[in-house]
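Colleague: I should be grateful for a close look at one part of this model. Please describe it in its surroundings, and state the criteria behind each term.

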Amino acid sequence: MAAPGTQLKSKRPTCPSCSKPTSLCLCIRIQNPGLLNKVNITILQHSLERKHALNSARIAKLGLQNVTVSTVSDVKFDATFMIHLFDPGHDSGSGQNGEKSSGFYQVMDNKADEFDASHVTKGSKEPVITCSVGKYGVVTNISIGNVWMPHVQWKRRLSLDKILASKVAVDDLAKGFVVKKLQKRRVNGSDEAEEVEEFEVAVPPGSVLLFPSKNALDVDGLKAMDFEAKNLIVLDGTWSKARRMYCENPWLRFLPHLKLELDRLSLYSEVRHQPKAGYLSTIESIVYALEEIGDYPEGLDNLLGVFESMVSDQRRCKNERLSKLSSA
């Protein structure tokens, strides 16, 4: 209860769309909201990033039509991943002669390149991969479905590398899959843990991970492989959090990796740590990646202007706080 003669401070009103204070709303700054991007964007957002003042994924969500965001948490105790193929009834090794997997196109919306994972998993009898992962990405257990048993060499111990060494498995995964993550969490602060579903993400054919791993290729490298990017997966978080997300989501290794050959400072380098040039914010990475891929709707650059103005807001607020402290 407030002391006599005092008033409770009311919470600042926020915009329901961008979650920013109404005085700093981003929505009115976006000139062409909902730009039609032909390459889907799938953002895996770290749970601590969602409410961060400089979270730029919200700009992508507001500014582009085909964007999905899934929240990802650090593995605290143990996580289980289950992968189902888009078309679980197909024959392993099929799809030759340039045929495209029917499973993907059955769950596509004809008006926009969006997909619904719930339609994919209903007919799936068993996951092709089930694995348990501990903190920092330690894989403690892994198994495969019967459909791959004759094709994966695993006499003594199964591993992700052995799955990646199977052409049948790699070809099947390239036709699209759905990954579900179950995470163990403590119940009401007790020692007891329960398993809850954290996310279910559809990974359609043509998916590529934007991440600068040692085996990552630039856009020209993907083209040389005759690979057409249709879905760009982006990790949203600080660089240390993004690295941990990468390690703790081993299914990302099944995707080709894309790197951006850019030697430029991020627009937020003055207010947020940037390890080195080329380490960019989420919205910068998305805009530059779409540009290099060739999906460049008119007005895309405006999203960078919106981000720059958001950084300026943060810088100004920071300076105002410091000024008040110094004058106190």
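In which sense do β1 and β2 pair, and over how many bridges?

Modeller: The pairing of β1 and β2 is parallel and comprises six bridges. The model is a predicted one, in which local features need pLDDT of at least 70 and side-chain atom pairs count only at pLDDT 80 or more, whereas totals for chains, interfaces and linings use all residues. Residues are numbered from 1 along each chain as its sequence is written, and side-chain values use heavy atoms, with hydrogens and water left out.

Strands are DSSP runs of E with at least two residues, helices are runs of H or I with at least four, and both are numbered from the N terminus. Two strands are said to pair if DSSP finds at least two bridges between them. Along the pairing of β1 with β2, L44 lies opposite S70, and H46 lies opposite V72. The two strands also belong, together with helix α1 (residues 57-63), to a right-handed β-α-β unit; right-handed here means that, with the strands pointing away from the viewer, the path from the first strand over the helix to the second runs clockwise.

Strand β1 also pairs with β9 (residues 231-236), to which six bridges join it in parallel. In that pairing I41 stands opposite L232. These strands form part of an open, parallel-paired sheet of five strands, ordered β2-β1-β9-β8-β10. Its edges are β2 and β10 (257-258), each of which pairs on one side only. Helix α8 (residues 282-293) packs on this sheet and touches β1, β8 (207-210), β9 and β10. The direction of α8 makes about 160° with that of β9, where axes are lines fitted to C-alpha atoms, for helices over the stretch in contact, and angles between N-to-C directions run from 0 to 180 degrees.

How enclosed, then, is strand β1? All seven residues of β1 (residues 40-46) are buried, so the strand is largely enclosed by the rest of the structure. Buried denotes a relative accessible area under 20%, exposed one over 50%, and partly exposed the range in between, with a 1.4 Å probe and protein chains only. N40, T42, L44 and H46 point one way from β1, while I41, I43 and Q45 point the other way.

At the end of β1, H46 meets a residue from a loop. D74 is found between β2 (67-72) and β3 (79-85), and its side chain makes a polar contact of 2.9 Å with the side chain of H46. Such a contact is a pair of N or O atoms within 3.5 Å; within protein, one must be able to donate a hydrogen and the other to accept it, and residues adjacent in sequence count only if both atoms are side-chain atoms. D74 is itself buried, at a relative accessible area of 9%. Apart from neighbours within four places in sequence, D74 is in contact (heavy atoms within 4.5 Å) with H46, Q183, K241, R244 and E248.
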